[in-house]
Amino acid sequence: MSAVRHLSCLALMLGALIGSPAEAQTTDAAVVVNEYDVFVDPVTAFAFIKLPAGWKFIGKLDAAQLRNLPPGTLTSLLPPNDEAAKLAANSTKRKG
C-alpha cells in the first residue's frame, strides 16, 4: 500500500510541475502554431510540418528554397521579444 501511495504522490507532483510552466509561459506574445503550419530552421535548413499528432520532419531545403520561403512559413518558434530569438537571429545574419 505504501508503494501505491508514493507513486500517487509522485504522479501528482509531476502533473503539477508539467502543468505549471505551460500556464505560466502563456503570453500574448507567444508564437501561435496551427496544424499544418511549416517551420524551417534557418540554421540547418531543416523543414518540419505541424500535424495533429505532432511535428514531422519533411526534409532539408537547398539554398534556393531557403531564400524563397513562401509567406507564412515559420522561421522561429520563440516569441519575437525573447532574448534567445534575438540571439538566434543575429547568429543567422552573421553566418549568411
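**Notebook: Lys56 and the sheet**

I looked up Lys56 first: leaving aside neighbours within four places in sequence, this residue is in contact (heavy atoms within 4.5 Å) with Ala47, Phe48, Ile49 and Leu51. I note that this is a predicted model, where local features need pLDDT of at least 70, side-chain atom pairs count only at pLDDT 80 or more, and totals for chains, interfaces and linings use all residues. Residues are numbered from 1 along each chain as its sequence is written, and side-chain values use heavy atoms, without hydrogens or water.

I placed Lys56 in strand 3, residues 54-60. Helices (H or I, at least four residues) and strands (E, at least two) are DSSP runs, numbered from the N terminus.

Is Lys56 buried or exposed? I list Lys56 as partly exposed because its relative accessibility is 47%; buried means under 20% relative accessible area, exposed over 50%, and partly exposed in between, with a 1.4 Å probe and protein chains only.

I then checked Val38, 18 residues from Lys56 along the chain; their C-alpha atoms are 9.6 Å apart.

Next I looked up the sheet. I found an open sheet of three strands, in the order 1-2-3, with antiparallel pairing. Strand 1 (38-40) and strand 3 are the edge strands, each pairing on one side only. Two strands pair if DSSP finds at least two bridges between them. Strand 1 and strand 2 (residues 46-51) pair over three bridges, and I noted Ala47 in strand 2 as the bridge partner of Val40.

Last, I took the whole protein. I read three helices and three strands, running α-β-β-β-α-α from the N terminus. Buried residues are 11% of the 96 residues.
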